[in-house]
Amino acid sequence: MQLPAYATKGLTKVYGEGRSAVHALRGVDLEIPAGEIVVLLGPSGSGKSTLLNIIGGLDRGTAGEVLFRDQRLHEMSDAELTRYRRDHVGFVFQFYNLMPSLTARENVELVTEIAADPMDPDEALSLVGLKERTDHFPAQLSGGEQQRVAIARAIAKQPDVLFCDEPTGALDSATGRSVLKVLADVNARLGSTVLMVTHASSQAQMADRVIHFADGNIGEIVENRNKLTPEQIAW
Amino acid sequence: MSPLDHKLLRDLWRVKGQAGAIGAVIAVGVLMLVMMTGLVASLSETRNAYYDRCRLADIFAPVARAPERLANRLAEIPGVSSAQTRVVGRALIDVPDQTLPVQAQAVSLPDRGRPALNDVFLTDGRLPASGRSDEILLLQSFATAHDLRPGDSLRATMNGARRSFDIVGLAQSPEFLYTTAPGELVPDDARFGVIWMGRSGLAAAYDMAGAFNEVLIGLARDASENAVLDEVDRVLAPYGGSGAYPLADQLSNRFVSEEISGLEAATVGVPPIFLAVAAFLLYIVIGRMVQSERQEIGLMKAFGYTNAEVGGHYFKLILAIATGGALAGCLGGIAAGRALISVYTDYYKFPFLVFQLDPASFATGVAVSILSASAGGLLVLRRVFALTPATAMSPPTPPNFTRTGRIGLSLNRFLDQPSRMVLRRLTRQPVRMAGSVIGIASGMALSVAMITIYAGFDRTIDLTFSVVDRSDVSVSFTHPISDKTLFELVRLSGVQRAEPVRNVGVVLRHGLKSHRGVLIGLPAAPELNRALDADLVPIPLPAHGVVLSDVLADMLGVSPGDTLEVDVREGRQPLLELPVAGTARTLLGSPAYMDMEALNRALREPRRISGAYLNIDAAQSDRIYAALQNMPTVAGVSVKSQARDAFVALMNQGAGAIRYVMGAIAFVITFGIVYNAARIALAERSRDLASLRVIGFSRAEAAFVLLGELAVVTVIALPVGALLGYYLSFGIAAGFSTDLYQIPAIFDPVSYGQATLVVVCAALISGWLVKRDLDRADLVEALKARE
Ligand SMILES: Nc1ncnc2c1ncn2[C@@H]1O[C@H](COP(=O)(O)OP(=O)(O)O)[C@@H](O)[C@H]1O
Ligand SMILES: [Mg+2]
């Protein structure tokens, strides 16, 4: 059997110290199979972003283990973590986080430049339906368009894993749907594992697996037998 | 081009106002460095080339009267490569529209051929024909000052006989770059002339046929100067040698060297201050930029950019601004140097110019600006490295304003909402505010220091010509004469007061240090020329011992109580040991004072005076001058107001002139700093301000929130800057002080007021420029933009 993309054991994260300490993760044990679309569902403040950041190599846990395939992320140095992000991971954030001083294409190039086997930036942009707007600056794009640039940027490196933190959080339903469609496409075409955080439970219908998160830990994990396409989801 | 480089260029464009301001600060710092080093290098190269071309002597040896046959003996002294004897004498030139004749030096040229040493540089006409004792060369600067040219005739008195001469040529000479009449400190083209004529003619006039009264010595490459000096003295002693001295002690050379090293000191001392200010600004700006780009930094790190790559990106930004500024500074420095050097060559009367750029100064300028910018940059980069991608991705938590709620509670009643915003921001972000305060304070400090220096120059003039010396006219005699002459002077109608002075040429020695100068013997309790202490109170001259000017005491490394060796170069030439009784405050020259009677006693020449200071009735001045001219013992008369004018001209044209260039530069920097602070405030607040506008605040109210902050920061910065400037002015004043004159760093309220005005004006203009941008800003765009 194939190794899971990720495995965590007893992963905890505590922000701050003493009385004001916040326990964002309380001993999370989790396995994420490779190639799946996994949705993290849970109320705001339950620790979803924290989990995503740690397995995405953006942050470190306070205790516990995190494995990417057979690599032990929790033992890696900063430089090794950087290497890991560079080689394997794509990110899509809730607030797009484009570089305001770069055009759409340059925002994508920012990532393809340092990737091992990237696609052509224009190709990535046409995958998200933005072929016509490659030379526009973020300030000249709508929210949905900016988010699609962000996705193009994340998929252009053909990552093994795609992390999406509430990618539709700031979008209307039609735009949100087209963004989800791109994510499903990437999963199907490139076989990338997609790990998506959302608090909209309807979006869970497009996942292979749904992890319910509450108060810093996993409530239940549900495998979704009849996966829907984003078009079929009732918003 | 990589996307990060695109970002770099666009970021640069976005912060162009600030980048320009910082670049300008760096540029003027480098400009000054390049200009000044170029100036110093060119001037000293030109001087050296000029000295070489005219074969300027290494040693000058005056003697009363020595037979010409001694020339061979002098030339054979080991270490001497050539010896040139000549005849020199004091003369008086009649100037048509002036009652007072002008003092002059007559110098012989060989009857045939050019002199082996101290050749002249002919600028017009020809040399006197051999055997023509009525043909002369005239010093060009003097001729220009009196509008004389070849073909004109000139009347002069030599050794008591008035004669008429034909001017056949004009010349310059490296030994007369600076020309001062005996007894005067300040050179003045119009009031001292040099006449060259054939040796036999001049010898006849001064009774020196077959003899000489000065010998010039050129040294061999590896000769020991001291050994030769001693040997020359030994050879000339029986003939009334009054002591050979090296080129370093020669008056003209000393002045020129002093001026050049004055420029050099300013070069070393001042530009680094400007560059440090620039580095500090760069640090603040890049620091704030990094702060406002934490999200982008986090993003790049999230994508797998390494610390080095991200750091490198911001470092390039620093480098771009620093190198841009430095290169502009180099180009500006070359241009400014070229413009100034011709002014200076005119001023120093160099007949030609060796323009020399010091390539090292480019390297230094660029390296120093990049290094100092990098130093600031590295501190910033540490912060970049410390950001983890996750923390960098979350927007900075809004600064905690809760605490001011309490502090302001009682104030709140009096303040409207915008004022409260200003106040809270200032109190809640003290580090940022401190940065802006220090920035503007350094601008204020530069202004204070520069304007104080201007006042210092005025102070030097005032102290020298109105406080230390209160006479109107000073008279010098051809030789020390009986003090009865003083009565003749007092009897002249219009002379209100006359005080004697006994000046004696001496070499002062202490340990290995020595100084060639004049010992000034003053009467007890003088009213006109006085020795004053640091509080400008007259110092009673003791019956035994000398009082040195503080500069001279410094030069010789002595303090009151030490013993000084005084090597008298006149009369019997005794060697005296005198205690240093005290030090006097002087700003011009480096005089040494002694009680006149005590001095005469030590010389065993009682009741002798060599000159006098007079107070006269200005209405009768012409009659007095005429009377003085008819006294055979009067060698020269110097009018205080003319000397003062000459000194002002000296300080405005020589090394002192650079203060105006520096002042302009300091102003540019001050403006750059203040404008920069205003731009930063705008950049950081544009979003808040747009929000204010959206919820219905007027333009004026939004501007108030922004400019109120600038105003408060400026007001805090003014006293801080005044204090910094007070200390800075000492450094800059020392840089401007030369051997010839000292510039004091004084606390002058008017200067501080003017400096305040400069900073306030800079703040007003900056505020206006920034407000214009604020009014133009597109609300929607401002809201969309980050921070
Ligand atoms: N940098 C931080 N410092 C302190 N507490 C934090 C920080 N980031 C998140 N938290 C806290 O950790 C908990 C989980 O946050 P997060 O993972 O962002 O939740 P979610 O993404 O599920 O909304 C929250 O209570 C939040 O306040
Ligand atoms: Mg979250």
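This is a short tour of a predicted model, with stops at a chain interface, a pair of domains and a ligand site.

Before you start, note that residues are numbered from 1 along each chain as its sequence is written, and that chains are lettered from A and ligands numbered from 1 in the order in which they are written. Local features need pLDDT of at least 70, side-chain atom pairs count only at pLDDT 80 or more, and totals for chains, interfaces and linings use all residues, while side-chain values use heavy atoms, with hydrogens and water left out.

**Stop 1: chain B against chain A**

Select both chains and show the residues in contact (heavy atoms within 4.5 Å). You should pick up 24 residues from chain B and 26 residues from chain A. Together the two chains bury about 2,200 Å², 62% of it on carbon and sulfur atoms; buried area is the accessible area (1.4 Å probe) that two parts lose on being put together, summed over both. Now colour B:Pro3, B:Arg10 and B:Phe303, the residues of chain B that lose the most area to chain A, together 29% of what that side buries.

Next, zoom in on B:Glu309 and A:Arg86, whose side chains meet in a salt bridge at 3.0 Å, N to O. The term covers a side-chain nitrogen of Lys or Arg within 4 Å of a carboxyl oxygen of Asp or Glu, and the count between these chains is 2.

**Stop 2: domains 1 and 3 of chain B**

Stay on chain B and colour domain 1 (88-203) and domain 3 (468-645); the bounds come from an automatic or database domain assignment. Their centres, taken over C-alpha atoms, are 28 Å apart. The contact takes 13 residues from domain 1 and 15 residues from domain 3. About 1,200 Å² is buried between these domains, with carbon and sulfur atoms giving 54%. Look for salt bridges across this interface and the count is 0.

**Stop 3: ligand 1**

Finally, move to chain A and select what lies around ligand 1 (residues with a heavy atom within 4 Å). Among the surrounding residues are A:Tyr15, A:Val22, A:Pro43 and A:Thr50. Then show the polar contacts, here pairs of N or O atoms within 3.5 Å. One oxygen atom of ligand 1 is 2.7 Å from a polar backbone atom of A:Gly45, and at A:Lys48 a polar backbone atom is 2.9 Å from an oxygen atom of the ligand. For A:Ser49, turn on the side chain: an N or O atom there is 2.6 Å from an oxygen atom of ligand 1.

Technical notes
A polar contact is a pair of N or O atoms within 3.5 Å; within protein, one must be able to donate a hydrogen and the other to accept it, and residues adjacent in sequence count only if both atoms are side-chain atoms.
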